[in-house]
Amino acid sequence: MMLKLVSLLALLALFTIGCSNETRLTSVQRQVKSISAEDVIRIASGSISANSIAKETARHVGGQLLAIAYTRYQTAGCTSQDLERLPDSAFSENLRRLYADLGTVFEQPEKAK
Amino acid sequence: MHSTRRVMLVLCLCGFLMGQFLACGNRENPVRPTKAAPTEPENPPPPPPPPQTSGSQGCVGTSDVRLSLDEISAKVLRGEYGSDLQAILSDEVSRCVSKMIEEGVVSVSVSGKRIDIDVPSDGSRQVMFDGGYVLDEILDGQFGDQARNTVHLFARQFIGTEKRLN
């Protein structure tokens, strides 16, 4: 009787210690219907683990959107001179830099590739 | 004999209490995998260069290295062109990818701290992107009367052509 009690207590102690070091070995994957802007930033900046398709998708979709915006701007007849008329601010300066960098892609695409 | 049993019982109780104590200690200080904060990735991007003085020569780019569209996009999404442009582009990308999910072009799965995007490989989707939702929104008048009337006209002409061919 005493031996059974001792064994039971020993097992209980081992079980308790084991539970304290428990780690989650499996995680449940769930499908989502949308992806947030914060998730896109996390994927692009690498602050969250993601597969290569996710990284490529974020970059490529962003690239296409930038290309559309640049082309639309050019089609409307606007140039860098129009950007110069923007009020001086960090946003304006970043926009000018982005426009200039996109210009290098569209002016000589064969070199950019 | 009784004293031996008592000693064993006390030892077991001590072991049990020690186990509980260790368990409490581990719960108070759980060992968690290190994770970089969202705003501070492990390899933080270099700070943007100092603003160029605007002159009459037009805009000045970031560097002499010619970047691809995807590289520029990645830089914008990392915030190297400022937080405003980062927020604008990430919002647009999230809308586009969400539409792609809706259209079944891609599927996104989230597990803990991981996000995976996959392209369905069953061959059911030969078209990479179906812009049918744009057409629906044009016909709903979300892009104005001119766009809606143009699509109406185009659809009528298309239907008329189909009838003549058949």
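This report describes helix packing, a nonpolar core, an aromatic cluster and one further helix residue in a predicted model.

**Helix packing between chains A and B**

Helix α2 of chain A, residues 37–45, packs against helix α3 of chain B, residues 83–103, with the two axes coming within 8 Å. The axes cross at roughly 105°, so α2(A) and α3(B) are roughly perpendicular to each other. On the chain A side the contact is made by A:A37, A:V40 and A:I41. On the chain B side, B:Q86, B:S90, B:D91, B:V93 and B:S94 of α3(B) take part. Sorted by class, this contact of α2(A) with α3(B) holds four nonpolar, three polar and one charged residues.

One of the chain B residues in this contact is B:Q86, which is found in helix α3 of chain B. B:Q86 has a relative accessibility of 15% and therefore counts as buried, since the cut-off for buried is under 20%. When residues up to four places away in sequence are not counted, B:Q86 touches A:I41 from the other chain and B:V76, B:L77, B:R78 and B:G79 from its own.

**The largest nonpolar core**

The largest nonpolar core has 37 residues. Those with the most contacts inside this core are A:I43, A:L98, B:I72 and B:V76. From chain A, the elements giving two or more residues to the core are α2, α3 (52–75) and α5 (90–107). From chain B they are α2 (69–78), α3, β1 (107–111) and β2 (114–118). Helix α3(A) supplies the largest share of the core, seven residues.

B:I72 has contacts in both chains. Leaving aside neighbours within four places in sequence, B:I72 is in contact with A:L66, A:L98, A:D101, A:L102 and A:V105 of chain A. Its contacts in chain B under the same condition are B:L67 and B:Y81.

**Aromatic residues in chain A**

Over all chains the count comes to three aromatic pairs. Two of them share A:Y70 and are set out below.

| Ring pair | Distance of centres | Angle of planes | Geometry |
|---|---|---|---|
| A:Y70 and A:Y99 | 5.2 Å | 35° | tilted |
| A:Y70 and A:F106 | 4.7 Å | 10° | stacked |

The pair of A:Y70 and A:Y99 links distant parts of the chain, with A:Y70 in helix α3 of chain A and A:Y99 in helix α5 of chain A, 29 residues apart. A:Y70 is buried, with a relative accessible area of 6%. A:Y99 also counts as buried, at 13% relative accessibility.

The pair of A:Y70 and A:F106 likewise links helix α3 of chain A to helix α5 of chain A, and its two residues are 36 residues apart. A:F106 is partly exposed, with a relative accessible area of 32%. Together with A:Y73, the residues A:Y70, A:Y99 and A:F106 form one aromatic cluster.

**B:V151 in helix α5 of chain B**

B:V151 lies in helix α5 of chain B, residues 145–165. The relative accessible area of B:V151 is 18%, so this residue is buried. Not counting residues up to four places away in sequence, B:V151 touches B:L135, B:I138 and B:L139. Of these contacts, B:L139 is twelve residues from B:V151 along the chain, and the C-alpha atoms of the two are separated by 7.3 Å.

Definitions and conventions. Residues numbered from 1 in each chain as written. Chains lettered and ligands numbered in written order. Predicted model: local features only at pLDDT ≥ 70, side-chain atom pairs only at ≥ 80, totals over all residues. Heavy atoms only, no water. Axes fitted to C-alpha atoms, helices over the stretch in contact; angles between N-to-C directions. Helix = DSSP H or I, 4+ residues; strand = E, 2+ residues; numbered from the N terminus. Parallel < 35°, antiparallel > 145°, perpendicular 65-115°, else oblique. Contact = heavy atoms within 4.5 Å. Nonpolar A, V, L, I, M, F, W, Y, C, P; charged D, E, K, R; others polar. Buried < 20%, exposed > 50% of the residue type's maximum accessible area, 1.4 Å probe, protein only. Core = buried A, V, L, I, M, F, W, Y, C linked by side-chain atoms within 4.5 Å. Phe/Tyr/Trp six-rings, centres within 6.5 Å; stacked < 30°, edge-to-face > 60°.
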